[in-house]
Structure formats: C-alpha cells, structure tokens
Amino acid sequence: MAPGETADVVVTGSNLAGATSLWTSFGEAAVLAPDVENNGQDAGRVVFRVSAPAENSLGIHGIRVVTPGGVSSLKLFVVDDLPSVAEAGGNNAPESAQVVALPCAIDGQVDNLSRDYFRFDAQAGQKVSFEILARRLGSPLDASLYLYRADGRELHFVDDTAGLSSDCQFSYTFDEAGSYIVEVRDIQYSGGGNHLYRLRIGDFPCISTPVPLAVQRGITAEISFAGTDVEGAVAASLTVPADSTDRWINVATRRGGGVSSAFSAVQVSDHAEFVEQEPNDAPDQANAISIGDSVNGRFEQTGDIDRFAFDAKQGQRFVFSGISRQVGAPSDLMLRIYDAAGKQVAAVDDNGTAEGSLNYTFPADGRYTLAVHDLNRRGGTQYSYRVAVAPYQPGFTLQSTMDAINVAAGGITAVLVNVTRADYNGPIDLSLDNLPEGFTSLPTTVGPGMALAVLTVQAAPDAAAASLANVDVVGTATIGGNEVREVAAVENTLKGMWSNTILVPGELNESVALAAAPPAELKLRIEPAEIVFGKELTAKVKVIAERGEGLDAAIALTANPEKGGLPANITADLKQIEPGQNEIEIAFTGNDKAPDGPFTVVLTGTHTKDKATTTASTPGIGLRLEAPFTLQPSVADAKLARGGTTNVKVAVQRNPAFAGEIKLTFDKLPAGVTAPETVLPADQSEIEIALTAAADAAAGTVDTIVVSGAAVANAKQTATAGVPALTLE
C-alpha cells in the first residue's frame, strides 16, 4: 500500500477465527474493516483496514495477526508509492500477457512449472526500472526476469542481482516506442501458492543500500545510494535526534523529476561514522580518523582500495567488523591492518556468508592504517560497505528461537535461547522485559559455559486474550565488574521462516511478540523451585501435573531440548507420571566432573491418547551446584608453646545433598608439630582438633598449615582450607 493511504488488507491462513487486529511495524494497529463481511474468519480469511503514515514509511515492514488464540509470527508487507495491480491470472503465455500501465507494482504468484507475462507500452528513449521483491519478502521464489519485444525477441535477462538475496533488478532504456513484455518465473520452474512476488516497474533508481550504511545519533547526514543504476538518484538529508530510540530509519530516493521511489534503511549508531573521501587508495592518501570511528564507503572502481589512518596506544584492543552482504551490498570485504612501517599486522576475509572481523591488540603506540577492499577487487556503484569499529569487550550475544510467544492462560511457555560467548563463560541471567500485566518471566540462568538455555514465561489465569505486547528477550551478566546487557536477536529464526533470505529488515531483528492463548489443558509445576547438589551428589525435584478433562494417560517427561537441555556431566532420572498419578520425583545427579554454578533446566511433559498429543512445560528448575562441603578453620589461641598444644576448630558447611562423615587431616605442618587424623560424624558440623608441638619444634610464625577433608564414603568429595597463622614460642 502507499504511504498516507488507508486500504483494506486481506489476510488468509488458518486459526483466524475471532481475529481482532493487525499489528504493523509502521503505524497503528489495524482493526477489522467495519463495512466488510468478516464472517469468513473461520474459513481462513479476514479483512483489516490499514493506514500507513505519510512520512518515512516506504520500505519492507512486518505485520502480525492478533486473535483470541494468540499472535502470529511475522509476515512481511511493503509500503510503496507505486500503484498496486493484482495479477489477474491466465497470463502464462506471451500471447495472453496481462496488460499493465506504467508505473505500477504487480502482486502475484508463480505456479509450478509455469511463468507469468505482463505487457506494457514504452516510449523511445524511456528508461524503465524493473525490480522483483520475493525472497526479501520471505517467498521461496528464486525469481528471474526476462524482457522481450512484442515479437518475442529477448532484450534483457537477469537472475540474481548480487546482494539482493536471490531477487533481481535492472533498468533498460528503450530504443523504440512500442509494446514490450516482461516475464517472471522461478529459475528452476518451481512454484505454488507460496511463491509470491511483487514486481515493481517504474522510473525509480535501482538501489541496494544507502551510503553511509549507518548514521550517528544526534547529527544530520546526507545519504546517497548504492546500486546497479543510481544515476540521478537524489540524495536524502537525514537528521537523527540525540534522544531517538530508533535502531533503523527508512530512507528513500527518486531520480530527479521521477514519480516512483526506491527505498532502503540506514542503521542508527551511537558513535562516530566516517564516510570515506577519495582519493584514499595509496598509503599516503589514507583518510585520517580517530580510533573507534566506524567507516563507510564504496568501491567506485575495479581495484579500489580505501585506507584509513589512526593513532593507537599499546595494549588497546579493538574489533573491526565488516558489514556488507548481510545488509544487501555485494561487497566481499577484505580487511587489513598495517603498522607505521607499512607491514601488515592483521588480515581477515569473511566468516561464511557474512564478513569477517579483526580482533586486534595493538602492540605499541603508533600510527596504523586500516585498508578495505573487495576480495576479488570488484568495484562499481553498488559496492558499498561499512566497517564497525569498537573497543573489545568480553561478553555474549543471544538469539531467540521464537519471534511469537503465545502463553496459555494459567500455563507456561518455554523459549529456547542460543548463546554465543566471547571470552566469558560465566552465568547469564535471562528474562523477558516489557511484559504486560498478567505475565511473569520465571527465573532463568544460562549456566557457566552453556551455549543454550530455556526461558519460561507464565500467564495468569485471567491474562488478557486478543492483545499483543512487544517484549525483549534480555540477558544480563557482570563481566569484569561491569553490568552487561544484551537483547536477543531473532534474525536466524526469521531467516528460517522466510526461505533462508539473507536480508532481514533491521527494524525487525529483535521483534518478539507476546500474547495470551486459551487456557492450558495440561499444567506442570515443581517443588522446590531450586535444588542444591554438586559433584557425586544427587537432589530431587517433584513434578506435579494438573490434568485437564480426559488427560488420564501417562505423561512422559523429557529435557527441553532433549539434546543439550541438561548441563554437561549432569544426568536426570527422567520417569513418566503414571496413569492415574499426578506427581513424580526426578533425581538430578552430578558426576565427578560436574561444574559448580547456577543452571536452569526445563522439562517437557507429553501426554498422548487416541493419537492426540498435549504438551506442557515445567517452570525453570534451578540447579545450584556447589562443593559437597567447605571447611572453615579457626583458632582461639594463635600461640603454640613448644611441648604444648592448641586447638583448631574446624566448622563444616555441608551441601544440602551431602550428609556423610568427613575425614580431616592436616598438611604442611612444620617439623615437630603433629595432629591426629579425625573423622567428623555425619550429624556434626564442627569439631576441635589438637595441634601438638614437640619440645624441640622450631620457634616462629607458621602460616602454611592446611586442613583437608575427604568424605569417608567417597574420596572424590574433598575440600581444603588454610589454617590461620600460628606462632610457635
């Protein structure tokens, strides 16, 4: 739909009964069209009246349907100033091509083993741009475009335009006035109801990204554009308020005097963004920047190398991260760092389908140069790039595996969160921020060294249905004395939903929606919320089921996820809740390599009867692994006379899961000082042990004595502690 327009949008699918609203990322939530028959909701069709803002809305956005059953996952939707035309059908041959008037955008689908044809008129000397949005809208269509004269002669063909995630675009200047035909098809002749596309035809420039790719918050920047044909594209002036909370801002351009637009989005940055200035190919032409400035540019010509010089101090550690293909630029970046003598000290190419990053510690004070070029030395108006530069910080990033969280009223929903760590293996606390009333984020800890965790959220029995809240999946940790907070991305999840597109609109990268769903038929709870055990120890948690009507079969319990859901070296004796029973005790055991620390584990209960399956999640079960016991020695009299004795009191703090006897011995006693081996009974928590000094023991201060404890029943369970200093006199 067009900016500033109000239009009726038809949504088809399943589970649409009772739909109440359509959330959009570009404006107010849309309501049901008041004068349109919506009784077809049960049949999988509902109509919403949608309004698009007049300003800054051109581009690809997200929509979600809200129903009493919850909220849908994201779908993509285009706000476009080209008039929309629906594919009429019956246009699968050149002679039956659908006639359209330019400019326009055609919304259609390609059937299997088929192709679509559209006929239009063009004038001599007229430049027309063609662009297809398919994979960028989540469609599996791998589109190709063919341009023909009316007599069938092929004038132009394009398959994948580099950077556009299997979509394509081109512009063509017609020599003669007349009728022409454009063909749309999948490159492998695949098709079907989900092979959707939007074919844009107009006088817009063919762009892929803005230049620069990012703008600092609080400044005004001029935005030009990169693409296969940016001739005449008018630069945009963009002012980002200092207090703006936007992470991405839509930008658009037209050719001078044009009537249709091309659009993209620019990232909002919190630090300086430098735009390269040519000439900067030679070492002595390097643009001067400050360490920490991110750099933006374009390889205008084949072989172009952009250089940036800066001063760095010994021990400074910075990360230089290439950004191009993941935002739609075709540049395959090569990053190199040179010292003042021109010697290369670091280099990186790529990291799979994304650009690489340099994590570099500067060995000495001096002048350094960052050189950036395309790996294959390509160049042209489309080869834009950005190198984000930031001080190195140990930390982590998060990816949520769900973009829509529907929680049954009175129930619990589990969300798997993947963790990528950078020089930090400690615990991370997970939570959902911006929760509406009636929802609770249950305590969740990503245990030390773990790469995943399951976050659980609970809805009150009266949680409001048919409403949506945008929430953040947040991880926090204390690293190096600093509080670190990261919001989980959903990029990988959306890519999987959207036919493995490379490009996810930046404004949607952290978009997670929460809604209440109908009451749960099966509920699970636990007692207690946390258990404490450790190496060679076992603790039990009770899982209690609340069964709905007819749910009288066995309930199988598994870890969530089944593989990797338990911390390393910890096992759970998972048993089913038998028919007619409502609870079971589950034992968790750590082996001799089990790590200390807090962890959270979630179990899934599955009930199957008459081929109907019902599942439920437990709240997160807190596992706190601690030493079997700790020792705290103390002395009432720090003086030990030669030929005399003094008592050392040893207090024992026992792990709740440990109740055995402990054998206590003293190590590193000075010559002439002895202590008996002593066993602390299982029902005692402290004991006094006499140290005896021989008459010829050497006088002096002793601060090396260590008391050691070992469980009588399991010698692997040990602890040590230093004894306060004693003076022999």
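Biologist: How many salt bridges does the count come to here?

Modeller: Happy to help, and do keep in mind that this is a predicted model. A pair counts when a side-chain nitrogen of Lys or Arg lies within 4 Å of a carboxyl oxygen of Asp or Glu. By this rule, the number of salt bridges is 35.

Biologist: How many residues apart in sequence are the parts tied together by lysine 127 and aspartate 229?

Modeller: The side chains of these two residues, lysine 127 and aspartate 229, form a salt bridge at 3.1 Å, N to O. Lysine 127 belongs to strand β12, while aspartate 229 sits in the loop between β20 and β21, so the pair links parts whose separation in sequence is 102 residues.

Biologist: Is aspartate 229 buried or exposed?

Modeller: Its partner lysine 127 has 26% relative accessibility and counts as partly exposed. The cut-off for buried is under 20% relative accessible area. Aspartate 229 has a value of 9%, so it is buried.

Biologist: Which strand holds glutamate 355, the partner of arginine 325?

Modeller: Arginine 325 and glutamate 355 meet through their side chains in a salt bridge of 2.5 Å, N to O. Arginine 325 is in the loop between β28 and β29, and the pair ties together parts 30 residues apart in sequence. Glutamate 355 is buried at 6% relative accessible area, and its strand is β32.

Biologist: Which residues join Glu131 and Arg136 in one network of salt bridges?

Modeller: Glutamate 131 and arginine 136 form a salt bridge at 3.2 Å, N to O, and both are buried. Through salt bridges that share partners, they are joined in one network with Asp80, Asp107, Asp167, Arg198 and Arg200.

Conventions. Residues numbered from 1 in each chain as written. Predicted model: local features only at pLDDT ≥ 70, side-chain atom pairs only at ≥ 80, totals over all residues. Heavy atoms only, no water. Helix = DSSP H or I, 4+ residues; strand = E, 2+ residues; numbered from the N terminus. Buried < 20%, exposed > 50% of the residue type's maximum accessible area, 1.4 Å probe, protein only.
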